[in-house]
Amino acid sequence: MDVSTLLYEGKAKKLFSTDNPGVLRVAYLDQATALNGARKDAVQGKGTLNNEITTFIFEQLHKKEIASHFIKKISKNEQLVLELKIIPLEVVVRNVSAGSFAKRLDVDEGQQLPFPIVEFYYKEDRLDDPFINEDHIKVLDIATEKEIEFIKNQARLINQALIDLFKKIDIRLIDFKIEFGTKADGTILLADEITPDTCRLWDQKTGAHLDKDVYRRNLGEIVPVYQEVLARLEQTFNKNVKGDR
C-alpha cells in the first residue's frame with residue numbers, strides 16, 4: 001500500500017498507510033470541534049500537544065501491562081500505531097457527574113459517583129452517536145457478550161490506572177471516552193487517543209477545567225490548558241525516569 005494513502009480523516013486526526021503492513025501513521029490535527037463536529041475551529045499547536053500527551057499516557061499504560069495500538073511517536077504531531085478494525089463503540093467511564101450524564105439524569109455536576117459507571121455509545125456520526133445498552137450492542141452485532149465483558153473490564157482497569165496517573169499531577173479524573181479495536185487474530189486492544197479532548201480533567205485544588213470543556217463552554221483558550229497538562233506530565237514522569245537511573 002502506498003505510504004501516502006490517506007485511510008481516514010476524523011475530527012482530530014488523520015490515518016495514513018505506511019510501508020510496514022499492519023502499521024499506520026496517525027497525524028494529529030490543529031483543530032478543535034464540538035457538538036459532534038457542528039462547531040469547528042483551527043487551533044494552532046493543538047495537534048502537537050495531543051500527540052505528546054497521548055504518547056505519555058499510552059507509555060504509562062504499557063508499563064502497567066495495559067496493551068494498546070500505540071507503537072511510538074515519530075514527530076511532533078505524528079505517531080505509529082497498529083492497524084486495528086475499530087469496534088464502533090465509544091466507551092465512556094464516569095467517576096463524577098458531569099456533562100450529558102448530569103443533564104440527562106439531573107445529578108448535580110461535580111457529585112462523586114458511588115462507583116465508576118461504564119456507558120456505551122454507538123459510534124455513528126449520522127445518528128449523533130446515540131447512547132445504547134448491551135442488548136443493543138448484541139442486536140446490532142457490534143460485539144459478543146464475551147467481548148462486551150472484556151471491554152468493560154478493560155475500561156475499569158484503564159480507569160483506575162488513569163485515576164492514579166492524574167492524581168500524581170494533582171488532576172481529578174472526572175470521566176473519559178475510549179475506543180477499542182481488534183487485530184486480525186481477534187485480540188481486542190485499546191485504540192484511538194487519551195487526551196484532554198477525550199477526558200474531563202479538573203484541577204485537584206481549584207476545580208478548574210483542564211480539558212476540552214474550556215472550548216465547549218467558551219471558558220477560554222484551550223492551548224494554555226493543554227500545555228499545563230503536558231507540563232505536569234513531563235515534570236512528574238521525566239523526574240521519575242531520571243530518579244530510576
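Here is a friendly chat between a colleague and a modeller about this predicted model.

Colleague: Happy to dig in! What does the protein average in pLDDT?
Modeller: This is a predicted model, and pLDDT is the predictor's confidence in each residue, from 0 to 100. Of the residues, 95% score at least 70. The average for the protein is a pLDDT of 94.

Colleague: Over which residues is the pLDDT below 50?
Modeller: There is one stretch to treat with care, and beyond near neighbours in sequence it has 1 contact in the model. Where pLDDT is low, the predicted coordinates should not be read in detail. The stretch with pLDDT below 50 is residues 241-245.

Colleague: How is the protein divided, and what area is buried between domain 1 and domain 2?
Modeller: The division gives domain 1 (6-82) and domain 2 (85-221), with C-alpha centres 17 Å apart. Across the boundary, 25 residues of domain 1 are in contact with 23 residues of domain 2. Carbon and sulfur atoms give 58% of the buried area, which comes to about 2,000 Å².

Colleague: Which residues touch the most other members of the largest nonpolar core?
Modeller: That core has 51 residues. It draws at least three residues from each of domain 1 (6-82) and domain 2 (85-221). The members touching the most others are L61, I158 and I194.

Colleague: Leaving aside neighbours within four places in sequence, which residues is I194 in contact with?
Modeller: Two of the partners, L61 and I158, share with I194 the distinction of touching the most other members of the core. The full set of contacts for I194 is I53, T54, I57, F58, L61, I158, L162, I178 and C199.

Colleague: Is helix 1 largely enclosed or open, and how many of its residues are buried?
Modeller: Helix 1 covers residues 46-63 and reaches 26 Å from its first C-alpha to its last, close to the 26 Å expected at 1.5 Å a residue. After helix 1 comes E65, with a positive phi near 65°. Helix 1 is largely enclosed by the rest of the structure, because the buried residues number 14 of the 18.

Colleague: Does L173 count as buried or exposed, and at what relative accessibility?
Modeller: L173 sits in strand 12 (residues 171-182). Leaving aside neighbours within four places in sequence, its contacts include N95, L162, F166 and C199. Buried means under 20% relative accessible area, so L173 counts as buried, at 7%.

Colleague: How far apart are the C-alpha atoms of L173 and Y215?
Modeller: Along the chain, L173 and Y215 are 42 residues apart. In the model, their C-alpha atoms are separated by 18 Å.

Key:
Residues numbered from 1 in each chain as written. Predicted model: local features only at pLDDT ≥ 70, side-chain atom pairs only at ≥ 80, totals over all residues. Heavy atoms only, no water. Contact = heavy atoms within 4.5 Å. Core = buried A, V, L, I, M, F, W, Y, C linked by side-chain atoms within 4.5 Å. Buried < 20%, exposed > 50% of the residue type's maximum accessible area, 1.4 Å probe, protein only. Domains from an automatic or database assignment. Helix = DSSP H or I, 4+ residues; strand = E, 2+ residues; numbered from the N terminus. Expected span 1.5 Å × (residues − 1). Buried area = accessible area lost by both parts, 1.4 Å probe.
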